[in-house]
Amino acid sequence: MTSKRAQARPNNSQGGAQVQRASAAAERTAWSAAPSGGFDHLVWQDKELHFDAQPSLLQLRKAEVVVEKFEAVEDTKGNAGQRGELVVTNLRLMWVFGHPGGAGVQRRRPRQAGGGGRKASSLSVGWGVVEWVSVTVAVSAAAGSVRAIQLMTGYNNSRYEFLFSASVADSPRLFSCVQSLHKAYNSSKLYREVKLRGAIMKDKSPVLLAKEEIVERRASVWNLAHDQGSVGTLIFTNVRLIWFAQLAENFNVSVPFVQMASVANRASKFGPALVVQCTQASGGYLLGFRIDPSSETDRLAKQLEKLREVYCAHPLLGVFVSGSDQTSPGQSTHKHVVDDISIVEVSRGIHLREREGQRAPREGPAETAAMPLQDQAELRGGGGVETGAAADVYAVGASVGVPAKRGRLEAGSGVGE
């Protein structure tokens, strides 16, 4: 596999890449200029990859939350020897070296670009372009052979590899944080992407996501796709629009508000229809729904537009950070487990017995052989009890501990794995 990160920067002279970037920039400009309450509907931060991005592109957007921040992180492959700041958010990963403002938030003390006259540089890697994440061994210009987090990405028909290495003390937190964010992002795509014919229904009801609530449910609604009607049920939630067929619930569509370009009440050959135009980034789908009676079409169109405005004020993008667990910089985040056990003496040896009645072996072979047969049978039947400092564990679909200062990370898939 050939990675273009060996060149350190993409080839901006390619016509196709220029057209795609220009199209994305034009769509972002059009949305930001649209009268939508000052909220940029198009979420591009998780779908794009930027090298040496402008400081404005490194600022946090609404609903983008910093999950973790690491100092003195080296971009081992693209900027060897340069240690910058790595900011991990719920939408992307940003690495900044030499920028006075840093990434996401302003610094109190601006730092010199590069420290030794080296040019300032930065990266913005959206979770949507990351294909897989792993931990590997890399050769650092600053520390020699080190363990690094490896990201393989695909963007504009090109593939890029990133290697980030931190100090020995910060490496476990860096590895677990990046891997868990990537997994949580992939498990919560229904918040951000249009889904056709998906496994989103169960017993004629949608499988709700975390923090999602049903606002409106309307039966006998016709989907006018391909100039033919299919009767079904239309559902509005605080996150998305859902429609599914009455005879086959696997024939469905889920459109999150963040991917809606416009909502209108338009005339069709079937009569007044609720028309939803999706953004070009999500496929540019044009969906039409006929409501009976037709007098309800205008009311539902206004209600859907109002729900979009409320969503824009408080968007839900699928990965949430909550809690207030705080630790000092030098304080360990590992929790030691103390077993509730007691030591019981026997005639020819000792063994550990849990107070709830289960046995937990701790003796070596010689001590076990010296016990009576009954005690040996009880000892072998017990389950081992682990003690000591356990590594931080992240899970998808549940609230779990974030190892440093950031509380709990919740994957908003709504379905635990």
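The legends below accompany close-up views of a predicted model.

**View 1. The open sheet of eight strands.** In this predicted model, eight strands form an open sheet whose order is S9-S15-S14-S13-S12-S18-S17-S16, and the pairing is antiparallel. At the edges are strand S9, residues 195–196, and strand S16, residues 260–268, each of which pairs on one side only. In general, strands of a sheet pair through backbone hydrogen bonds, in either a parallel or an antiparallel manner.

**View 2. The pairing of S16 with S17.** Strand S17 covers residues 271–278 and pairs with S16 in the antiparallel sense, over eight bridges. A single pair of residues may help the reader to find the place, since the bridge partner of Ser-268 is Gly-271, which belongs to S17.

**View 3. Helix H3 against the sheet.** Helix H3, residues 296–313, packs on the sheet, where it touches strands S12 (214–223), S13 (230–237), S14 (240–245), S16, S17 and S18 (286–291). The direction of H3 makes about 175° with that of S16. The helix has 18 residues and reaches 26 Å from its first C-alpha to its last, which is close to the 26 Å expected at 1.5 Å a residue. Which residues of H3 are buried? They are Glu-296, Thr-297, Leu-300, Ala-301, Gln-303, Leu-304, Leu-307, Arg-308, Tyr-311 and Cys-312. When reading such a list, it helps to know that an α-helix has 3.6 residues a turn, so residues three or four places apart point the same way.

**View 4. The cis peptide bond between S18 and H3.** Asp-292 and Pro-293 are joined by a cis peptide bond, with an omega of about -5°. Pro-293 lies in the loop that runs between strand S18 and helix H3.

**View 5. Strand S5 and its two partners.** Strand S5 spans residues 121–126, and six of its six residues are buried, so the strand is largely enclosed by the rest of the structure. Ser-121, Leu-123 and Val-125 point one way from S5, while Ser-122, Ser-124 and Gly-126 point the other way, and all of these are buried. Strand S1, residues 49–51, pairs with S5 in the antiparallel sense over three bridges, and in this pairing Leu-49 stands opposite Val-125 of S5. Strand S4, residues 92–97, also runs antiparallel to S5 and is joined to S5 by six bridges, with Val-96 standing opposite Ser-122.

**View 6. Two residues with positive phi.** Asp-52, although it is not a glycine, has a positive phi of about 50°, and this residue is found in the loop between strand S1 and strand S2, the latter covering residues 66–75. Asp-52 has a relative accessibility of 32% and therefore counts as partly exposed. Ala-72 likewise is a residue other than glycine with a positive phi, near 55°, but its place is in strand S2. At 36% relative accessibility, Ala-72 counts as partly exposed.

**View 7. Stretches where confidence is low.** The protein chain averages a pLDDT of 73, and 62% of the residues score at least 70. Over residues 105–117 the pLDDT stays under 50, and the model has 21 contacts beyond four places in sequence for this stretch. Residues 413–417 also have a pLDDT below 50, and this stretch has 14 contacts in the model beyond near neighbours in sequence. Where pLDDT is low, the predicted coordinates should not be read in detail.

Key:
Residues numbered from 1 in each chain as written. Predicted model: local features only at pLDDT ≥ 70, side-chain atom pairs only at ≥ 80, totals over all residues. Heavy atoms only, no water. Pairing = 2+ DSSP bridges. Helix = DSSP H or I, 4+ residues; strand = E, 2+ residues; numbered from the N terminus. Contact = heavy atoms within 4.5 Å. Axes fitted to C-alpha atoms, helices over the stretch in contact; angles between N-to-C directions. Expected span 1.5 Å × (residues − 1). Buried < 20%, exposed > 50% of the residue type's maximum accessible area, 1.4 Å probe, protein only. pLDDT = per-residue confidence, 0-100.
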